[in-house]
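Colleague: Got a minute to go through this fold with me? I'd like to see how you get to each answer.

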Amino acid sequence: MYTNRNSGKTDLRVRRTRKMLWEALAKLLEERPFEALSVQEICDRAMVHRTTFYKHFEDKYQLLSYGLEEARERFADRSYEDRILHPIQMFEEFGDMRQFHALATSDRECSSMHSMIQKYACDSLREDLLEAESRGARFPVPVDIIAAFYSGAVSSLGSWWLKNDSSVSAKEMDEYLGRLINKDAFFPNESPKK
């Protein structure tokens with residue numbers, strides 16, 4: 001079954017199949033809510049046989065988890081400071097905004113999907129904060145609370161930005177976010193660069 005954290009390289013055919021399935025899901029999310037989609041529809045859109053789908057994923061939730069983990073790994077390559085101070089610009093730089101747009105603008109009634117997205121964002125930030133704590137950072141608020149607050153704020157702002165067709169530049173959105181958050185909560189022992 002699927003795991004993103006590979007020990008070694010994944011076969012190119014496996015990566016290609018997973019990518020096709022993920023892209024099919026993202027495209028379908030532009031048309032219909034996640035809860036209304038079936039595995040068969042995803043397979044049809046990806047032109048992948050249903051049995052092949054189940055060789056890679058247990059269900060559509062695991063496929064969604066795969067896509068979120070892929071995004072998380074891409075963000076992990078950026079600095080902690082960038083992830084905190086420039087999250088909207090980072091989304092924009094990745095270029096494949098269609099997938100993020102589909103996730104962000106899909107039916108808000110799909111609480112399971114939005115819960116998964118929120119959890120991935122929160123867990124990722126929590127890992128960053130715990131790593132900083134292990135290096136001596138002393139946060140003024142418990143790490144779990146910071147992670148929950150910030151991931152919710154960024155998720156909401158990112159959704160608003162995408163739903164409004166990026167009418168405000170990504171740089172401006174990050175500047176507004178910077179004005180709204182207490183940077184001392186994220187950088188307690190230093191002053192972040194702007």
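What follows is a short back-and-forth about this predicted model.

Colleague: Let's start broad: how many helices and how many strands does the protein chain have?

Modeller: Reading from the N terminus, the elements run α-α-α-α-α-α-α-α-α-α. The secondary structure therefore comes to 10 helices and zero strands.

Colleague: What share of the residues is buried?

Modeller: Buried here means under 20% relative accessible area. The protein chain has 194 residues, and the buried share of them is 44%.

Colleague: And among contacts with a separation of 6 or more, what percentage comes from residues 24 or more positions apart?

Modeller: Contact means heavy atoms within 4.5 Å. Taking the contacts in the protein chain with a separation of 6 or more, residues 24 or more positions apart account for 66%.

Colleague: On to helix packing. Helix 1 and helix 2 pack at what angle, and are they roughly parallel or roughly perpendicular?

Modeller: Helix 1 covers residues 12-29 and helix 2 covers residues 39-46, with their axes 8 Å apart. The packing angle is about 110 degrees. Angles of 65 to 115 degrees count as roughly perpendicular, so helix 1 is, relative to helix 2, roughly perpendicular.

Colleague: Which residues make that contact between helix 1 and helix 2, and how do they divide by class?

Modeller: On the helix 1 side you have M20, L21, A24, L25, K27 and L28. They meet E41, I42, C43, R45 and A46 in helix 2. By class, the residues of this contact come out as eight nonpolar, no polar and three charged.

Colleague: Is the crossing of helix 1 and helix 2 left-handed or right-handed?

Modeller: That follows from how helix 1 passes helix 2, and the crossing is right-handed.

The call rests on which way the near helix is turned from the far one, and clockwise counts as right-handed.

Colleague: How is helix 4 placed against helix 1, by angle and by contact classes?

Modeller: The axes of helix 1 and helix 4 come within 10 Å and cross at roughly 105 degrees, so the two are roughly perpendicular to each other. R15, R18, K19, L21, W22 and L25 of helix 1 make the contact with L63, L64, Y66 and G67 of helix 4. The residues of that contact divide into six nonpolar, one polar and three charged.

Colleague: G67 shows up there. Is G67 buried or exposed, and how far is its C-alpha from that of W22?

Modeller: G67 is found in helix 4, residues 60-76. With a relative accessible area of 4%, G67 is buried. G67 and W22 are 45 residues apart in sequence, while their C-alpha atoms are apart in space by 6.2 Å.

Colleague: What about helix 9 and helix 10: which classes does their contact have?

Modeller: Helix 9 (residues 143-163) and helix 10 (residues 170-180) have axes that come within 11 Å and cross at roughly 145 degrees, and the crossing is right-handed. Y150, V154, L157, W160 and W161 in helix 9 meet A170, M173 and L177 in helix 10. The classes are eight nonpolar, no polar and no charged residues.

Colleague: Now salt bridges. Which parts does the D128 and R83 pair tie together?

Modeller: The side chains of D128 and R83 meet in a salt bridge at 2.6 Å, N to O, one of nine that a search of the whole structure finds. D128 is buried at 14% relative accessibility, and R83 is buried too, at 16%. D128 lies in helix 8 (residues 111-134) and R83 in helix 5 (residues 80-85), so the pair ties together parts that are apart in sequence by 45 residues.

Colleague: How far along helix 8 are D123 and K119 from each other?

Modeller: D123 forms a salt bridge with K119, with the closest N and O atoms 2.6 Å apart. D123 counts as partly exposed at 26% relative accessibility. Because the two are four residues apart in helix 8, their separation is about one helical turn.

Colleague: Last one: which residue that is not a glycine has a positive phi?

Modeller: Most residues other than glycine have a negative phi. The residue in question lies in the loop between helix 2 and helix 3 (50-56) and is exposed, with a relative accessible area of 75%. Its phi is about 55 degrees, and the residue is M47.

Terms used. Residues are numbered from 1 along each chain as its sequence is written. This is a predicted model: local features need pLDDT of at least 70, side-chain atom pairs count only at pLDDT 80 or more; totals for chains, interfaces and linings use all residues. Side-chain values use heavy atoms; hydrogens and water are left out. A salt bridge is a side-chain nitrogen of Lys or Arg within 4 Å of a carboxyl oxygen of Asp or Glu. Buried means under 20% relative accessible area, exposed over 50%, partly exposed in between (1.4 Å probe, protein chains only). Axes are lines fitted to C-alpha atoms, for helices over the stretch in contact, and angles run from 0 to 180 degrees between N-to-C directions. Angles under 35 degrees count as roughly parallel, over 145 as roughly antiparallel, 65 to 115 as roughly perpendicular and the rest as oblique. Ala, Val, Leu, Ile, Met, Phe, Trp, Tyr, Cys and Pro count as nonpolar, Asp, Glu, Lys and Arg as charged, and the others, Gly among them, as polar.
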